[in-house]
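Trainee: I am new to this structure and would love a close look at one part of it. Could you take me through the helices that pack around one another, step by step?

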Amino acid sequence: MEIKLIERTIREVVEGYKDSAEEGVVGFGGKLNIRPAFQREFIYKDDKRNAVIDTVIKGFPLNVMYWVDSGDGNFELLDGQQRTLSICQYVNGDFSLNSRAFHNLTKTEQDQILDYKLMIYVCKGTDKEKLDWFKIINIAGVQLTNQELLNAIYTGPWLSDAKRYFSKNRSPAQGMAGDYMAGEANRQAYLETALKWISSRDGKSIPDYMSEHQHCSDATDLWLYFQNVINWVKTIFPKYRKEMKGIDWGLYYNEYKDKQLNPAALEEEISTLIQNDEVQSHKGIYDYVLTRKEKSLNLRAFSDTQKRRAYEKQEGICPMCVRENMPKIHYELDEMEADHIKPWHEGGRTIDENCQMLCKNHNRIKGGK
């Protein structure tokens, strides 16, 4: 792992500056990837942007920046994007400061800015070494998501193409599946989710998948897979509800895409469960109708008052211990748990008449816990 501190003048960094929605933002003679194509596009507000230029003009030090050495003479800007963009845009004449644009300055004033030295940490090493380092500096204040950290490592044609589909507001993925996806596309949430789903299908981790595909020419396979997932969801669950947003649909697709599922029957069951006041998690209904795991429904629990009434009625005696002639049949309240006499899946409700107190051991045996 090699990390070195270098100095580069603004003159060097702004050389070859180009800002393109299709190709991203580059500088440093075209060798510095300032912002990859289709990555998040927020910029500093005027006061912060102006503060960067004012700092440079006064010769005060800016915070250190972080570059990643790709090993082929090119670099990826990890931290310092907005400061770098502010500098490049000012020199490029995109905005003025105190009513003076860069071209309005004297030659001496321009040279003073262009000769200003930026302090930059450059990292070069294995993927794992770089990821470990990125995580450390992220804790120190570089606010990157986990996927943005991985993007900084696995740059290449595959990632650029994947971002075209997933990493921009109004991207194809957002247009197709915005109602089903959580997070922000331009903060890489859509890309991370799609990678989580497809890597899970292959029994891999996201870094494994990205490493294997880093030098592929395009991300068509990922995009086709993602479309298949969303089309499957829309077919199996044709009635959209807000609770469907943010569910890990790809994980269900991987497991159930080849199963015979009846959309009409599923919809009837979902509607019934939504109207059941015992069901506390409507989002969990979708997991339940596929997996049959009752815990997904977060079923209504007996209140402390109901438990106390049942305990007093039973005088602290566990009926299952009595039935099995156990040596101990009496328990304190905190040694017992509430149980549905008639289980929920058989129509049992969370009411006093259906509540009994069991010792913890018998309650867990009965519930398969």
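Mentor: Happily; here is a walk that starts at one helix, moves through its partners and ends with a few single residues elsewhere.

Please keep in mind that this is a predicted model. Let us begin with helix H10, which spans residues 206-213. Which residues of H10 are buried? They are Ile 206, Tyr 209, Met 210 and His 213. These residues cover an arc of only 95 degrees around the axis, so they sit on the same side of H10. If you turn the view to that side, you can look for what covers them: the cover includes helix H6 (146-153), helix H7 (157-166), helix H9 (189-201) and helix H11 (220-236).

Let us follow one of those covering helices, H9. Two packed helices are described by the angle between their axes and the distance between the axes. For H9 and H10, the axes come within 9 Å and cross at roughly 90 degrees. The two helices are therefore roughly perpendicular to each other. On the H9 side of this contact you will find Glu 192, Leu 195, Lys 196, Ile 198 and Ser 199. Their partners in H10 are Ile 206, Tyr 209 and Met 210, and these three also appear among the buried residues of H10. Sorted by class, the contact of H9 with H10 holds five nonpolar residues, one polar residue and two charged ones.

H9 has another partner to show you, helix H12, made of residues 249-256. Here the axes come within 8 Å and cross at roughly 25 degrees. H9 and H12 are therefore roughly parallel to each other, and H9 passes H12 in a right-handed crossing. From H9, the residues that take part are Lys 196, Trp 197, Ser 200 and Arg 201. They meet Trp 249, Gly 250, Leu 251 and Asn 254 in H12. This contact of H9 with H12 divides into three nonpolar, three polar and two charged residues. Notice Lys 196, which meets residues of H12 and also takes part in the contact of H9 with H10.

Now go back to H7, another helix that helps to cover H10. How many of the ten residues of H7 are buried? Seven of them are, and H7 is mostly covered. The buried residues are Trp 158, Leu 159, Asp 161, Ala 162, Lys 163, Tyr 165 and Phe 166. Asp 161 and Lys 163 are worth finding in this list. The cover over the buried residues of H7 includes H6, helix H8 (172-177), H9, H10 and H11. H10 thus appears in the cover of H7, just as H7 appears in the cover of H10.

H8 gives us a single residue to stop at, Ala 177. Is Ala 177 buried or exposed? With a relative accessible area of 0%, it counts as buried. Leaving aside neighbours within four places in sequence, Ala 177 is in contact with Phe 226 and Ile 230. Ala 177 also shows how the chain folds back: Lys 234 is 57 residues apart from it in sequence, yet the C-alpha atoms are 9.9 Å apart in space.

For a contrast, look at Leu 273 in helix H13 (residues 263-274). Its relative accessibility is 7%, so Leu 273 counts as buried. Setting aside neighbours within four places in sequence, Leu 273 is in contact with Val 279, Ile 285, Tyr 288, Val 289 and Trp 344. Thr 305 lies 32 residues from Leu 273 along the chain, and their C-alpha atoms are separated by 26 Å.

Finally, let us visit two loop residues. Most residues other than glycine have a negative phi. Ser 99 is not a glycine, but its phi is positive, about 65 degrees. You will find Ser 99 in the loop between H3 and helix H4 (107-114), and at 71% relative accessibility this residue counts as exposed. Asn 298 also has a positive phi, near 50 degrees. Asn 298 lies in the loop between helix H14 (284-291) and helix H15 (304-314). At 45% relative accessibility, Asn 298 counts as partly exposed.

Note on methods
Residues numbered from 1 in each chain as written. Predicted model: local features only at pLDDT ≥ 70, side-chain atom pairs only at ≥ 80, totals over all residues. Heavy atoms only, no water. Buried < 20%, exposed > 50% of the residue type's maximum accessible area, 1.4 Å probe, protein only. Helix = DSSP H or I, 4+ residues; strand = E, 2+ residues; numbered from the N terminus. Arc of directions from axis to C-beta. Contact = heavy atoms within 4.5 Å. Axes fitted to C-alpha atoms, helices over the stretch in contact; angles between N-to-C directions. Parallel < 35°, antiparallel > 145°, perpendicular 65-115°, else oblique. Left-handed = near helix turned anticlockwise from the far one by under 90°. Nonpolar A, V, L, I, M, F, W, Y, C, P; charged D, E, K, R; others polar.
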